[in-house]
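Good morning, and thank you for the invitation to speak. I shall ask you to keep the structure in view while I go through it part by part.

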Amino acid sequence: MPILHSHAAELMDDPARTTEELRGSLRDLERMNRFLGAHAIVRAYLDRVLPVWRSGRASLRSAFTILDVATGGGDVPTAVAAWAARAGIAVRIAAVDRHPTIARLAGAATASCGAVTVIRADARALPFRDASVDVCLCSLALHHLTPDEGLALIGALNRVARIGFLVVDLLRSAGGYGGVWLLTRLSSNRLIRHDGPLSVRRAPSWEEYRRLAAAAGIPGLRLVRHPFFRVSLSRIG
């Protein structure tokens, strides 16, 4: 049975949420991203990008530059920094989030990682020049936006990234809704229990992702379904 789309607001988007509520929800999101393969999707994409970057960089001393949009608790930049260390390359990561408390928590979580700089900025109005970073990443932000805003975000990521970008989000489906509902029952955090299933209802269906990819009009754009009800849109080159 199809799962109806919802426009209801997620509790995490409310700037009035307490720091402790948000810290707990971000901790649970990091665990889900790690164990359900979201970090693995990012690493696999970067493994594909790395030969392109190595073949085109101007200097052996240059750093691989990454913009992580809607960074949340900063778990993706932390995972990327660990990936870069294993690959033996220098990396600089700008991590942006518009929520004031979440941006502050991300800054604290990544403070020990010198490769990461957290900036408060809105994904809908990225303050970065064209082709100013090598790669853009964006996880679990698309479902927070309207279709027009999502299309504009994909265009902005494509504009800012020299080599390519990766967007990862949820798939609206009966299986996804049921799986996320069950998974979030394991959390005691009310934001996760409320927002997890709602996030699936706010996310695009597979057909809507296909229309979004077509409307973006970006040559070489790949649309891929992943395990655990995730979808990615990506470009390299």
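Let me begin with a question: which residue in β5 does Leu 137 stand opposite? The residue is Leu 166. Please bear in mind throughout that this is a predicted model.

I start from Leu 137 and work outwards. On one side, Leu 137 in β4 is the bridge partner of Asp 68. The strands concerned, β1 and β4, run parallel and are joined by four bridges. On β5, as I said, Leu 137 faces Leu 166. The pairing of β4 with β5, which spans residues 161–170, is also parallel and has six bridges. To get from β4 to β5, the chain passes through helix α5, residues 147–160, and this β-α-β crossover is right-handed.

How many of the seven residues of β4 are buried? Seven of seven are, so far as the strand at residues 133–139 is concerned, and β4 is thus mostly covered.

Now for the sheet as a whole. It is an open sheet of seven strands, and their order is β3-β2-β1-β4-β5-β7-β6, with mixed pairing. The edges are occupied by β3, residues 116–120, and by β6; because each has a single partner strand, one side of each is left without a neighbour in the sheet. From one strand to the next, the twist averages 20°. For those new to the subject, strands of a sheet pair through backbone hydrogen bonds, and they may do so in a parallel or an antiparallel sense.

Both senses can be seen here. I have mentioned the parallel pairing of β4 with β5. On the way to β6, β5 pairs with β7 in the antiparallel sense, over seven bridges. One position to look at is Val 167, whose bridge partner in β7 is Leu 233.

I turn next to helix α8. Which of its residues are buried? They are Tyr 209, Leu 212 and Ala 213. These three lie on the same side of α8, because they cover an arc of only 95° around the axis. On the other side of the helix, Ala 214 and Ala 215 are exposed. What do the buried residues of α8 pack against? Their partners are α5, β5, β6 at residues 222–226 and β7 at residues 230–236. Just beyond the helix comes Gly 217, which takes a positive phi of about 60°.

The same helix carries two salt bridges that share Glu 207. In one of them, Glu 207 is joined to Arg 210, with the closest N and O atoms 3.7 Å apart. In the other, the side chain of Glu 207 meets that of Arg 211, at 4.0 Å from N to O. Why can Glu 207 and Arg 210 be described as about one helical turn apart? The reason is that they are three residues apart in α8, which covers residues 206–216. Glu 207 and Arg 211 are likewise separated by about one helical turn, because they are four residues apart in that helix. As for exposure, Glu 207 is partly exposed at 40%, Arg 210 is partly exposed at 47%, and Arg 211 is partly exposed at 48%.

The count for the model comes to 15 salt bridges. A further example is the pair Glu 21 and Arg 190, whose side chains meet at 2.8 Å, N to O. This pair links distant parts of the chain, since Glu 21 belongs to helix α1, residues 19–35, and Arg 190 to helix α7, residues 190–202, with their positions 169 residues apart. Are the two buried or exposed? Glu 21 is buried, with a relative accessible area of 17%, whereas Arg 190 counts as partly exposed at 47%. Both belong to a network of salt bridges that also includes Asp 14 and Arg 17.

My last stop is Thr 71, in the loop between β1, residues 64–69, and α3, residues 75–87. Thr 71 has a relative accessible area of 5% and is therefore buried. Leaving aside residues up to four places away in sequence, Thr 71 touches Pro 77, Ala 95, Val 96, Asp 97 and Ala 106.

To close, I return to where I began: Leu 137 has Asp 68 as its bridge partner, and it stands opposite Leu 166 in β5. Thank you for your attention.

Key. Residues numbered from 1 in each chain as written. Predicted model: local features only at pLDDT ≥ 70, side-chain atom pairs only at ≥ 80, totals over all residues. Heavy atoms only, no water. Buried < 20%, exposed > 50% of the residue type's maximum accessible area, 1.4 Å probe, protein only. Contact = heavy atoms within 4.5 Å. Pairing = 2+ DSSP bridges. Right-handed = clockwise from strand over helix to strand, strands pointing away. Arc of directions from axis to C-beta. Axes fitted to C-alpha atoms, helices over the stretch in contact; angles between N-to-C directions.
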